[in-house]
Amino acid sequence: MPLARPAPAPYAAAMTQHQRLLIIDFGSQVTQLIARRLRELHVYCEIHPCQKVTAGFLADFAPRAVILSGGPASVTEPDAPRPPRELFTLGVPVLGICYGQQVMMQMLGGRVERGTGTAEFGRAFVEPAGGDLDLLEGWFTEGREQVWMSHGDHVSALAPGFSVFGTSPNAPFAITADPARHFYAVQFHPEVHHTPKGTRLLENFVRIAGFTGDWTMASYRDEAIAKIRAQVGEGRVICGLSGGVDSSVAAVLSHEAIGERLACVFVDHGLLRQGEAEEVVSMFRDHYNIPLIHADESELFLGALEGVSDPEEKRKTIGRLFIDVFQKHAAEAGGAEFLAQGTLYPDVIESVSFSGGPSVTIKSHHNVGGLPEKMGLKLVEPLRELFKDEVRALGRELGLPQSFIGRHPFPGPGLAIRCPGEITREKLDILRRADAVYIDQIRRHGLYDEIWQAFAVLLPVRSVGVMGDGRTYDHVCALRAVTSVDGMTADYYPFSHEFLSETATRIINEVAGINRVVYDCTSKPPGTIEWE
């Protein structure tokens, strides 16, 4: 049976009774964050790829406002993606972000040039350039504002009617606008968490456009339940349960939709953390009266991964084996036809283009890009368009206990992607012990709830050390901890040197096979949260 995914609509169903904002997607890896910020403001919006937005589409959609996303292309190329010219005659407010600013400027008579010493990636600071602008109400309160930049090209001349309202060291036109037509353009990304006042800017934009805000997580819950019922009909569903918040929320939401026709399958693939299988099974059975199949398939997974070192091959092997296991256990669940799983949008955007736009694949996720082309189960993915914090909000809406909602994310491929290079049982055992010490340290110091995700990585290198009077030649362990809101951008957690020293000492003393510990202080971007 061909792989059957739900249509990738921005939300569970089109809600034509709402005021609508259109986001034209040019392929940015963070386009969906624009929608996420607007959801926080209770604004209904839809993302559509630029190549599908025609003059006819605009007329049918009738947006109250439009946002042009960022993207990887260069407007200086002849085949660069562009919106239809009719966009600028709709008479509605338009906001261009990064590539969106550049394409606005070029189409409306300005000029964009290739980056030659003007690129900016990461934090930057924008200063006001004079004049009042409704988009910036309450913005420049400290004289300058931190923003998140990610651009190589730059605007070198403004389009007629536009003025400059903010500058940065490498972007002299960081904030521009034509107030008379309510056209606004910014070079930075207001949608990411590391532009602290980005939400305020978007709030000002939707206020200018006259949005009142009427979209809530409670309404999403009702729509998602209705969508599951419509998709499944009278069929039976198995849900892949990992014990994390994503799969737990997917399971409880599916149970509300179809009741006893749902069964959960917890797959122990031999790549779990120390004591995790027992913890997950007991935690779920203690809280929910949902049939749970505990499938110990560690020999299957570890055997298939033997000798595999390429991270993409690891992910795709794990994805294929997960489906094999789910198909095997579908019969135990009364002949289930559907597989529910907790796929989130960050998984999707790093694996494939979410809405058909020109985005770039970063890595395949075991439950997205790692799925086989054919399988005997149809997919139910009720969280596919949500971010982690939204899933937690939905979990609270569903009444999940904090023990589920507050858990750090744990990837489906497990320790396979925290053990770069070839996986062996010996390496996994060393990594489990190191990770357990690290998380214990974080809990002892009361830091667990301040951190989005923390884990240890066993590096594919060895280093020389000295223990006692003897020489050692053992593994290197890297520690990773990040802060984030949505998983799309992240910054490293600023542990004290005392914490890091104490933790490194404990790991080296308590975990045989490790003689060196390092701390990863890379943000996302340019890194990803996981190492593979």
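In which order do the strands of the open sheet of 5 strands stand, and with what pairing? The order is E14-E13-E12-E15-E16, with parallel pairing, and the views below start from this sheet. This is a predicted model, in which local features need pLDDT of at least 70 and side-chain atom pairs count only at pLDDT 80 or more, while totals for chains, interfaces and linings use all residues. Residues are numbered from 1 along each chain as its sequence is written, and side-chain values use heavy atoms, with hydrogens and water left out.

**View 1. The open sheet and its edges.** Helices (H or I, at least four residues) and strands (E, at least two) are DSSP runs, numbered from the N terminus, and two strands pair if DSSP finds at least two bridges between them. Strand E14 (292-296) and strand E16 (378-380) form the edges, each with a single partner strand, so one side of each is left without a neighbour in the sheet. On average, and with direction ignored, neighbouring strands of this sheet are turned by 30 degrees against each other.

**View 2. The pairing of E12 with E15.** Strand E12 (residues 237-241) and strand E15 (residues 338-340) run parallel and are joined by 3 bridges. Cys239 has Ala340 in E15 as its bridge partner.

**View 3. Helices lying across the sheet.** Helix H6 lies across E12, strand E13 (262-268) and E15, running at about 160 degrees to E12, whereas helix H9 (residues 311-330) lies across E12, E13, E14 and E15, at about 135 degrees to E13. Axes are lines fitted to C-alpha atoms, for helices over the stretch in contact, and angles run from 0 to 180 degrees between N-to-C directions; contact means heavy atoms within 4.5 Å.

**View 4. The packing of H5 against H6.** Helix H5 (residues 217-232) and helix H6 (residues 245-258) pack at an angle of about 65 degrees, with their axes 9 Å apart. The contact is made by Arg221, Ala224, Ile225, Ile228, Arg229 and Val232 of H5, together with Leu253, Ser254, Glu256, Ala257 and Ile258 of H6.

**View 5. The packing of H8 against H9.** The axes of helix H8 (residues 298-305) and H9 come within 10 Å and cross at roughly 150 degrees, and the two helices are therefore roughly antiparallel to each other, a term used for angles over 145 degrees. Leu300, Phe301, Ala304 and Leu305 in H8 meet Lys314, Thr317, Ile318, Leu321, Phe322 and Val325 in H9.

Notes. Angles under 35 degrees count as roughly parallel, over 145 as roughly antiparallel, 65 to 115 as roughly perpendicular and the rest as oblique.
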